[in-house]
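Here's a quick briefing on how some of the helices and strands in this one fit together. Have a look at the structure first, then go through the notes by topic.

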Amino acid sequence: MPSTLHKIPVAISSCLLGQPVRFDGGHKYDRFINARLTDFLEFRPFCPEVAIGLGIPRAPIRLMKTAAGIRVLGVRDPTLDVTQRLEEYGREVAAQLAGVCGYIFKARSPSCGMERVKTYHANGLPARSDGVGVYAQAIMQTHPDLPVEEEGRLNDPGLRDNFIERVFTRWRWQQLQQQGITPARLVDFHARHKLAVMAHNQAAYRRLGQLVAGAGRKGFRGLCERYEQELMQAMQRQATRKSHSNVLQHLQGYFSKQLTAPERAELGALIDDYRLGLAPLAAPLTLIRHHFLHHPNDWALSQTYLEPYPRELMNH
Ligand code: SF4
């Protein structure tokens with residue numbers, strides 16, 4: 001796990017850190033990001049609108065549906081078209097994100113919004129909220145496997161968990177790359193992530209297993225690239241209560257015979273409570289970790305699933 005000395009690099013919309021870069025000179029300081037995530041993540045802030053020279057304060061811009069497609073135009077002066085400059089800056093920043101493990105975008109911005117950004121008809125009337133910020137789009141097109149989220153969506157426990165887990169998974173992959181990936185190290189990495197992948201995507205779990213089985217053959221570099229791509233895509237799918245419950249039951253199998261009947265019943269009930277939405281995932285996971293202390297199993301204890309990211313980030 002990273003320490004506060006070695007934080008994971010994550011890009012972010014500058015205004016979310018409290019930087020006064022918005023069109024009106026304000027900011028959008030986000031408490032969770034600044035009070036919790038900052039202990040483990042090293043933020044690399046980008047404000048595309050300032051970077052392309054629009055200044056602070058500046059005239060507001062918005063996404064307009066025009067005959068030439070979606071354009072980013074001035075609200076008061078529709079002859080101001082910054083679409084191309086934002087796209088170009090997005091590609092410029094994308095080229096600097098090689099070691100970055102995620103990106104947190106400001107929601108609803110015509111530049112930074114990741115999805116559902118308000119759009120307008122050419123006559124100025126609101127159209128559907130189905131736009132994507134032009135800068136964010138350039139980043140996401142260049143790095144389709146980069147974990148991305150918006151600050152508002154991080155208030156949803158499932159989406160937050162999914163994002164943080166993907167950031168830490170990418171970070172572990174980058175650590176492996178820095179060490180130098182060998183077939184043996186890839187096999188070990190895959191072994192440690194098996195249950196995590198299983199919780200997200202059973203089909204990808206099988207495909208990744210097949211890929212790793214060919215690790216000793218020619219074309220290892222290409223195989224690693226495919227593995228990374230498949231892994232990150234697999235983790236994008238949110239794990240469900242059902243898939244988590246299956247993994248929890250699987251883990252229970254490693255020590256079930258050594259438990260007393262009341263202990264087995266207690267854990268079974270907790271997994272059922274979780275599956276029915278009556279308890280958080282941390283409840284059965286904590287008990288499982290406790291049982292592994294008394295009945296250790298090397299393979300199970302090596303699973304990132306048991307602690308996909310620091311517990312401090314789980315308890316909020
Ligand atoms: S949403 Fe993006 S462009 Fe707008 S102020 Fe924040 S960082 Fe700058």
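What follows covers two sheets, a helix lying on one of them, and a helix pair. Keep in mind that this is a predicted model. One sheet is open, with four strands in the order 2-1-5-7, and another is open with three strands in the order 4-3-6. Over in the helices, helix 10 and helix 11 have axes that come within 8 Å.

**The four-stranded sheet**

- Pairing in the 2-1-5-7 sheet is parallel.
- Strand 2 (41-46) and strand 7 (148-150) sit at the edges with a single partner strand each, so one side of each has no neighbour in the sheet.
- Going from one strand to the next, the twist averages 25 degrees.
- Strand 5 (residues 103-105) pairs with strand 7 in the parallel sense, over three bridges.
- If you want a residue-level handle on that pairing, Y103 has V148 in strand 7 as its bridge partner.

**The helix across that sheet**

- Helix 4 (residues 134-142) lies across strand 2, strand 5 and strand 7.
- Relative to strand 5, helix 4 runs at about 160 degrees.

**The three-stranded sheet**

- Here the order 4-3-6 comes with mixed pairing.
- Strand 4 (69-74) and strand 6 (119-121) are the edge strands, and each pairs on one side only.
- The twist in this sheet averages 45 degrees from one strand to the next.
- Strand 3 (residues 61-66) and strand 4 are antiparallel partners, joined over six bridges.
- One example to click on is L63, whose bridge partner in strand 4 is V72.

**The helix 10 and helix 11 pair**

- Helix 10 covers residues 261-275 and helix 11 covers residues 282-294; their axes cross at roughly 150 degrees.
- Angles over 145 degrees count as roughly antiparallel, and helix 10 and helix 11 are therefore roughly antiparallel to each other.
- As for handedness, helix 10 passes helix 11 in a left-handed crossing.
- On the helix 10 side, the contact is made by E263, E266, L267, L270, I271 and Y274.
- Helix 11 meets them with A283, P284, L287, I288 and H291.
- Sorted by class, this contact has eight nonpolar residues, one polar and two charged.

Notes
Residues are numbered from 1 along each chain as its sequence is written. This is a predicted model: local features need pLDDT of at least 70, side-chain atom pairs count only at pLDDT 80 or more; totals for chains, interfaces and linings use all residues. Side-chain values use heavy atoms; hydrogens and water are left out. Axes are lines fitted to C-alpha atoms, for helices over the stretch in contact, and angles run from 0 to 180 degrees between N-to-C directions. Helices (H or I, at least four residues) and strands (E, at least two) are DSSP runs, numbered from the N terminus. Angles under 35 degrees count as roughly parallel, over 145 as roughly antiparallel, 65 to 115 as roughly perpendicular and the rest as oblique. A crossing is left-handed if the near helix is turned anticlockwise from the far one by less than a right angle, and right-handed if clockwise. Contact means heavy atoms within 4.5 Å. Ala, Val, Leu, Ile, Met, Phe, Trp, Tyr, Cys and Pro count as nonpolar, Asp, Glu, Lys and Arg as charged, and the others, Gly among them, as polar. Two strands pair if DSSP finds at least two bridges between them.
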